[in-house]
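Colleague: I am new to this structure. Please take one helix and go through it closely, after a few words on the chain around it.

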Amino acid sequence: MSANKEALLLRLNKEMQVQALNEIGFPEVTFDTPLSEIAEYIKWAGGLLDLRIACVKLSDGSICHFSGEEWSALSANAKAQYSKIGVSVRARKREFIVAAADCVNANGGATFQFGAYGVDLKGVKNYGAGNVGLYEVNTGLEDTLAVIEQQAGKTDSQNIKGAPAAEAAWNYKANANDPLQWYLPSITELRLIAEYKTEINSFLTKYFNGGTITTDWYWSSTEVNSTQSWSVYMYHGVSYYYIRNHTGRVRAVASAK
């Protein structure tokens with residue numbers, strides 16, 4: 001094969017890769033993107049790209065992300081310029097920050113009822129049996145806010161006040177320097193946490209001294225119907241309908257951008 005034909009094939013191959021990545025949700029990839037970065041995007045599209053330490057820069061409140069190796073290489077003085085707030089996950093085309101610990105209530109309890117039992121939440125799509133697109137729900141931010149606003153000051157038919165699980169996620173703060181708005185993850189985000197629980201827990205243990213995800217039930221913000229919402233049983237990572245007056249754990253997430 002001549003050098004010209006080989007160059008043409010390489011160009012066509014790169015154009016096809018760029019087009020494919022654009023079509024699946026990476027519009028920032030262009031023909032000028034280096035091949036090494038395109039390889040990372042391909043990895044990101046199909047699985048876990050990486051875990052990073054999400055930090056707030058104390059001087060200006062901006063969010064920064066460090067690989068474990070980058071963080072370990074910083075001096076003590078350099079580390080003091082940042083406050084760690086969670087684990088940044090890039091997996092299966094998505095990117096978000098996972099809180100470094102489960103939410104707890106004022107009494108130290110780690111489980112919450114969902115609330116809104118018997119309420120078909122306005123603006124929140126139902127994903128019951130057979131509903132298409134369940135695992136394409138991108139973020140739980142809007143659904144979390146919807147259930148909080150609609151249940152504010154209300155008590156449901158099970159005598160549950162407000163929306164305990166959503167409120168716990170919404171009010172979570174990693175520390176006094178945390179500027180993020182946390183929320184109850186969508187079922188898609190929660191399933192990704194379950195899929196990579198082993199890697200996330202190892203990362204939490206190494207860089208956050210604990211806060212690992214348990215094998216218990218965790219709430220998502222994605223609705224099944226007026227009495228159930230989706231949850232994930234972290235013991236084996238399977239999604240289930242969960243009745244809203246039952247209790248489950250809450251692991252808040254936030255946007256990485």
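Modeller: About 12,800 Å² of the chain is accessible surface, and carbon and sulfur atoms hold 51% of that area. The model is a predicted one. Of its 257 residues, 46% count as buried. Measured out along the principal axes, the C-alpha atoms fill a box of roughly 75 × 50 × 35 Å. Within the chain there are 8 helices and 10 strands. Among contacts with a separation of 6 or more, 66% are between residues 24 or more positions apart. As for charge, the chain has 24 positive and 26 negative charges, and the mean positions of the two sets are 2 Å apart.

The helix for the close look is H2, which runs over residues 35-46. Its length can be checked by a short calculation. H2 has 12 residues, and at 1.5 Å a residue, applied to one less than that number, the helix should span 16 Å. The C-alpha atoms at its two ends are 17 Å apart, so the expected span and the model agree.

Next comes the question of which residues of H2 are buried. They are Ile38, Tyr41 and Trp44, where buried stands for under 20% relative accessible area. Looking down the axis of H2, these buried residues fall within an arc of 115°, and therefore they line one face of the helix. The other side of H2 has Leu35 and Ser36, and both are exposed, that is, over 50% by relative accessible area.

Key
Residues are numbered from 1 along each chain as its sequence is written. This is a predicted model: local features need pLDDT of at least 70, side-chain atom pairs count only at pLDDT 80 or more; totals for chains, interfaces and linings use all residues. Side-chain values use heavy atoms; hydrogens and water are left out. Helices (H or I, at least four residues) and strands (E, at least two) are DSSP runs, numbered from the N terminus. Buried means under 20% relative accessible area, exposed over 50%, partly exposed in between (1.4 Å probe, protein chains only). Contact means heavy atoms within 4.5 Å. Accessible areas come from the Shrake-Rupley method with a 1.4 Å probe; for residues, only the protein chains shown count as cover. Lys and Arg count as positive and Asp and Glu as negative; His and the chain ends are not counted. The place of a charge is taken as NZ of Lys, CZ of Arg, CG of Asp or CD of Glu. The arc is that of the directions from the helix axis to the C-beta atoms.
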